[in-house]
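Here is a guided walk through one protein model, taken a residue or two at a time. Have the structure open beside you and follow along as each stop comes up.

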Amino acid sequence: MSAVRPVDAASILLLDRSGGHVRVLVGKRSSKHVFMPDVYVFPGGRRDATDRLVPVAGALNPLARERLALRTGTRCSDSRLRALGVAALRELHEEAGVTVGTPLAAAGNALPFRPDLSRLRFLARAITPAGMVRRFDTRFFTFFADEAGIDPAGAASSHELEDVRWVDIFDHKGIKMPDITVLILEELQKSIQEDKSLPFGRAAPLFHFQRGRFLRDLL
């Protein structure tokens with residue numbers, strides 16, 4: 001049996017800082033999912049082939065793009081990097097009903113809006129270990145809801161992500177999350193403590209396995 005190669009994926013940590021604490025949007029994956037059922041995760045999923053073709057309302061911040069491009073090998077291209085940002089915002093729309101970008105009135109578009117990638121910070125990257133039933137090379141992005149005029153109350157559950165809710169980033173007791181989700185949340189905690197504005201050019205960790213060892217490198 002041939003080894004399963006990781007496919008590109010993107011996830012988004014949407015943040016609400018309107019109250020006294022910073023909260024992040026999470027939802028519960030259905031028990032029907034083969035990969036990580038019945039756990040709370042950030043909205044996200046695999047990059048679709050059509051994500052490269054989606055026109056955007058705003059490009060990736062140059063500093064975020066520079067970090068995102070590190071260690072992507074010979075397959076790195078502007079369209080691939082842009083598609084990762086598109087995938088994150090597409091999944092946020094599909095799974096939680098949150099739109100980030102310019103609405104489109106015409107029917108027949110791949111998305112009912114032009115995604116605005118300009119506020120996305122590249123937070124972290126994680127590659128699923130070999131031996132799993134699904135493997136993903138996931139880029140985690142983050143941004144603040146108020147930067148895009150998003151009303152936190154507008155987030156809603158879907159058939160893909162159940163029980164969508166806002167969780168204090170420093171207090172998620174009682175919420176069942178995969179280990180990697182907890183690790184990414186801890187990285188967000190560190191970033192917020194270092195600089196509440198979450199600067200675009202901050203170094204991003206890469207979590208991966210090599211020769212049976214769990215590694216954390218910086219990009």
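Let's begin with Leu198, which is buried, because its relative accessible area of 4% falls under the 20% cut-off. Keep in mind on the way that this is a predicted model. Leu198 sits in the loop that runs between helix 3 (179-194) and strand 10 (205-210). Its backbone deserves a look as well: phi of Leu198 is near 50°, a positive value in a residue other than glycine. Why point that out? Most residues other than glycine have a negative phi.

Leu198 also leads us to a cavity, since it is one of the residues that line the largest cavity. How many cavities of 30 Å³ or more are there? The count comes to one. The largest cavity has a volume of about 80 Å³. Around Leu198, the lining includes Pro199, Phe200, Arg202, Ala203 and Ala204. Ser191 and Thr142 belong to the lining too, together with Arg121, Phe122 and Leu123. Which element gives the largest share of this lining? That is strand 7 (residues 121-127), with three residues. By residue type, the lining divides into seven nonpolar, two polar and two charged.

A second positive phi turns up elsewhere in the chain. Arg71 is not a glycine, yet it has a positive phi of about 55°. You will find Arg71 in the loop between helix 1 (62-69) and helix 2 (78-96).

The two helices on either side of that loop make a good next stop. Helix 1 and helix 2 pack with their axes 11 Å apart, at an angle of about 105°. Helix 1 is therefore roughly perpendicular to helix 2, as angles of 65 to 115 degrees count as such. Which residues meet where the helices pack? From helix 1 come Arg65, Leu68 and Ala69, and they meet Asp78, Leu81 and Leu84 of helix 2. The residues of this contact divide into four nonpolar, no polar and two charged.

If you follow the chain back from helix 1, you reach Asp48, in the loop between strand 4 (44-46) and helix 1. Is Asp48 buried or partly exposed? Asp48 counts as partly exposed, because its relative accessibility is 30%. Its C-alpha lies 25 Å from that of Phe144, and the two residues are 96 apart in sequence.

Now turn to Ser11, in strand 1 (residues 7-16). Ser11 is buried, because its relative accessible area is 5%. What does Ser11 touch, leaving aside its neighbours within four places in sequence? Its contacts are Phe42, Pro43 and Gly44, then Ala88, and then Thr138, Arg139, Phe140 and Phe141.

Next, look at the loop between strand 8 (136-144) and strand 9 (161-168), where Ala155 has its place. Ala155 has a relative accessible area of 19%, so it is buried; the limit for that label is under 20%. Not counting residues up to four places away in sequence, Ala155 touches Leu25, Ala96, Val98, Val164 and Trp166. By contrast with those contacts, here is a pair to check with the distance tool: the C-alpha atoms of Ala155 and Thr138 are separated by 23 Å, with their positions 17 residues apart along the chain.

Ile150 lies in the loop between strand 8 and strand 9 too. It is buried, because its relative accessible area is 12%. Leaving aside neighbours within four places in sequence, Ile150 is in contact with Leu14, Val98, Thr99, Val100, Phe143 and Ala145. Leu14 is 136 residues away from Ile150 along the chain, and their C-alpha atoms are separated by 9.9 Å.

Our last stop is Arg114, in strand 6 (residues 113-115). Arg114 is partly exposed, because its relative accessible area is 32%. Beyond its neighbours within four places in sequence, Arg114 is in contact with Pro55, Val56 and Ala57, as well as Val100, Gly101, Thr102 and Leu104. For one more distance, the C-alpha atoms of Arg114 and Leu89 are separated by 9.8 Å, while the residues are 25 apart along the chain.

Terms used: Residues numbered from 1 in each chain as written. Predicted model: local features only at pLDDT ≥ 70, side-chain atom pairs only at ≥ 80, totals over all residues. Heavy atoms only, no water. Helix = DSSP H or I, 4+ residues; strand = E, 2+ residues; numbered from the N terminus. Buried < 20%, exposed > 50% of the residue type's maximum accessible area, 1.4 Å probe, protein only. Contact = heavy atoms within 4.5 Å. Axes fitted to C-alpha atoms, helices over the stretch in contact; angles between N-to-C directions. Parallel < 35°, antiparallel > 145°, perpendicular 65-115°, else oblique. Nonpolar A, V, L, I, M, F, W, Y, C, P; charged D, E, K, R; others polar. 1 Å grid on protein atoms, 1.4 Å probe; cavity = no way out; pocket = protein on both sides within 12 Å on 5 of 7 lines; lining within 4 Å. Points joined across faces, edges and corners; volume = space filled by probe spheres on them.
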